[in-house]
Amino acid sequence: MMSKKKKKNPMDAIFAVLDKPLQRFDPIWKAEHGKGGERDRYYDKTGIEKWREWRGWHDTLVDYKHWLKNLGYMGLMVAKDPVHVLKGIWEYRWMGSFLGSFAFVDRLFEGYRGPELEVAGLHGNAIVYGLTQTIGTVLRNDKRLGGGPMSENMIGLDETIPPLFTAGFPTLQAEPMQTLPEFVICDVDQFIEPYYIDVAESYGLPADVCSRCSAETGVTIDDAFPIFGKLEISTNQPCNASEATSMFQRRRFHTYGMETYPFVMAMQHNEEEGHEYTEAELKQAIAKIEEVYGVKYDWDAFFEKAKLMNEQNEIEMEKWDIMATPYSVLGGINESLYKLVEWALINGRDPFYNKVDRKVIKMMRKYCDEKYEPFKGKTRHRAFLWGPSAVYYTDFPTWTQNCWGINIVLNMDSTMGHNIINTEDPDIAIKDLAKFEEKGVMRHHAVGGWDNVNAVWDWAKRMNCDMVICNDNIACKGMNGVHSMLEEQAAKLGFKFVFLPHDLEDSRTISRRDMRNAINDYMTVVMNEKPLDPTLVDFDDSEAW
C-alpha cells in the first residue's frame, strides 16, 4: 500500500487543550505515571465500575454514543413486546443475566482509544443488535410464553449448525435453540452455567465431561429451553460429548410435540468422501424441513442470502491481510466476538452486518494506509489465540493487551467456514454449502483429525505472530491428547507458546484469576517483562458477572 500523509484535524488541537487538565483521570495515563491504572475503577472482587473510563473528551463521547445505541437496541426489544419479555425474565433464569450486558460490553473494550475504539463500538453495537433481535423473536414466539405469529413457522437449530442453508425457506425462520440459555450467555455471566452444570451432575452426569455439554444437559433437565417451531435439527457437531447432549435434548423437545432430526456431518471432514457424505446429509435435512412444514426449497431465496455471506467472507479475508500488518485497528476480542455472532448467529441472513463490515473495512484500509499503530504502539507481542468461550467472559484478549502488550491478532473462532458459495447453480452450490457447514463453531479446531489442530501454526505464521496462546480445556479429551506434540512443535518453529488452562464454562474449577496467572507467570518468569499496567496483574474478580 502507498502511504499517504495524514491530514491534520483542527479539532485535535482543541481536544488536546481540553484534555490536558483532566488527563489525571485517564487510567492509561495513571498507569504510565505510576499513579494507578484500569483496575482502580472497579469495586473489589467485581466487574462493576465505580465510574466510567475517562478516555479524553473525544473518545469518551464516542464511547457514550455507542453506549446510547446499545441502550436503544435493548429498549426497542422491550418496547416491541414488553409482555413476552417480562414473561421471559420471570420464566427463565438465564434472561436475568442479560441485564449485565452493559457491564460486559464496557469491559470488552477497556483501554481502547481512537479508531480502534470507533471500530469496537461499531462491532459492539452489531453484537447487541443481533442478540436483541434474536431474543425478541424467540420470546415473542415461545410457545411456553403463549406463542406468537411465527411460532409454527420457526425451525429450531442446534447452535453449532450454520443457519445459512435455511435461507432457502423464506417463509420460515430458523433460530438456534441453545444460544440464549447457554452459548452466548456464558460470555456475559460467569455464574449462570455452573447452576446448570450442577443440575446435570445432580442427575448423575459425570463431573469430568465438557462443561459446555454438561451445561446444555442441565438446561434440558431444568426445562429452561424456549420452545418454538415444529422441528428441531440436532447435530453431532462439534464432538462426541455434544452427541450425547442432543439425545437428552431430543427427549425434552418431544414432550412439547416437536419433531427432531439429526443433521450428522462427517467427522473427518477434510476428506473428499466426507464432503460427499455431508452433502447427502444436507439434502436430507432440507427434505425433512420440506416434509414437516409443507414448503419447497427456494434456491433464488438462498442465493440472495448467500451473496451477503460471500461478501462478508470476502471482507473478512481482506481484514486478515490488514491484520497481518502492525497497522490494524481491528483485533482482539473486538474481532473474534463480533465474528462469532455474525457467523454463527446471523450467517448472511441480515444485510445490517454487511453495512457494518463495509464501514469497518473502509476504516481499516484508511488507517493501514496511514501506518497507524493502535494502542499507542505499545504492542510488544502478536499472538494467535486458540481458545473458546472462557476467553470471552474473562475479557481475556482485552486484558492481555492492556496488561502485557500482547495483541491477540486473531482467535480460532474467526476462522470458521469462509469458502465462497456458488450463487447460480444449485448443484455446485450444495457442494459449496456442504463444505461451509462442516466448518462450524469449534468443528475444525479440536476434532476431525490432527491437521485441524495443527493448523494453529499456519494461522500464526499468516498473521505474523510471535506467540501462540493455546486452548487447554481440562475436560476436553481431544485437546488433552495433544499437549506434548504442540509443545514440541512450538519449540521447533520458534513460537513463544503458552497453554491457557480453563474449564470452558465452569469458572469454579479454573477461575478468571487462574487463567490470567498462566500469562503472568510466563511473562515474568520466561520473558522477564514488566506489565504496562501493574493494577491488572493480579486482582480478585471472583464475584464479577
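Is Trp54 buried or exposed, judged by its relative accessibility? In this predicted model, Trp54 has a relative accessibility of 18%, and because buried means under 20% relative accessible area, Trp54 counts as buried.

The aromatic residues offer a suitable place to begin. The count of aromatic pairs comes to 30, and one of them is formed by Trp54 and Trp57, whose rings lie 5.2 Å apart from centre to centre, with an angle of 85 degrees between the planes, so that the pair is described as edge-to-face, the term used for planes over 60 degrees apart. Whereas Trp54 is buried, Trp57 has a relative accessibility of 36% and therefore counts as partly exposed. Another pair joins Trp457 and Phe497, with 5.7 Å between the centres and 45 degrees between the planes, and this arrangement is classed as tilted. Trp457 belongs to helix H21 (residues 450-462), while Phe497 belongs to strand S8 (residues 496-502), so this contact ties together parts of the protein that are 40 residues apart in sequence. Both members of the pair, Trp457 and Phe497, are buried. Aromatic rings are also linked in a cluster, in which ring pairs connect Tyr73, Tyr129, Tyr338, Phe352 and Tyr353.

Trp57 also takes part in a feature of the surface. Together with Met11, Ile14, Leu18 and Leu61, Trp57 makes up a nonpolar surface patch of about 460 Å². Two helices, H1 (10-19) and H3 (57-80), each supply at least two residues of this patch, and the largest share, which amounts to three residues, comes from H1. Met11, a member of the patch, has its place in helix H1. With a relative accessibility of 39%, Met11 counts as partly exposed, because this value falls between the limit of 20% for buried residues and the limit of 50% for exposed ones.

Attention may now turn to the strands. Four of them form an open sheet, in which the order is S2-S1-S3-S4 and the pairing is parallel. The edges of this sheet are strand S2 (173-176) and strand S4 (259-263), each of which pairs on one side only. From one strand to the next, the twist averages 25 degrees. Strand S1 (residues 154-157) pairs with S2 in the parallel sense, and four bridges are found between the two strands. Within this part of the sheet, Gly156 stands opposite Glu175, which lies in S2.

Two loop residues remain to be described, and the backbone angle phi is of interest in both. For Lys45, phi is near 70 degrees, which is a positive value in a residue other than glycine. Lys45 is found in the loop that runs between helix H2 (27-32) and H3, and, at 34% relative accessibility, Lys45 counts as partly exposed. For Phe375, phi is near 55 degrees, again a positive value in a residue other than glycine. The loop that holds Phe375 lies between helix H16 (351-369) and strand S5 (381-386). Phe375 has a relative accessible area of 15% and is therefore buried, whereas Lys45 is partly exposed.

Key. Residues are numbered from 1 along each chain as its sequence is written. This is a predicted model: local features need pLDDT of at least 70, side-chain atom pairs count only at pLDDT 80 or more; totals for chains, interfaces and linings use all residues. Side-chain values use heavy atoms; hydrogens and water are left out. Patches are made of residues with over 30% relative accessible area and no salt bridge: like charges are joined within 9 Å, nonpolar side chains (Val, Leu, Ile, Met, Phe, Trp, Tyr) within 5 Å. Accessible areas come from the Shrake-Rupley method with a 1.4 Å probe; for residues, only the protein chains shown count as cover. A salt bridge is a side-chain nitrogen of Lys or Arg within 4 Å of a carboxyl oxygen of Asp or Glu. Buried means under 20% relative accessible area, exposed over 50%, partly exposed in between (1.4 Å probe, protein chains only). Two strands pair if DSSP finds at least two bridges between them. Axes are lines fitted to C-alpha atoms, for helices over the stretch in contact, and angles run from 0 to 180 degrees between N-to-C directions. Rings of Phe, Tyr and Trp (its six-membered ring) pair if their centres lie within 6.5 Å; planes under 30 degrees apart count as stacked, over 60 as edge-to-face and the rest as tilted.
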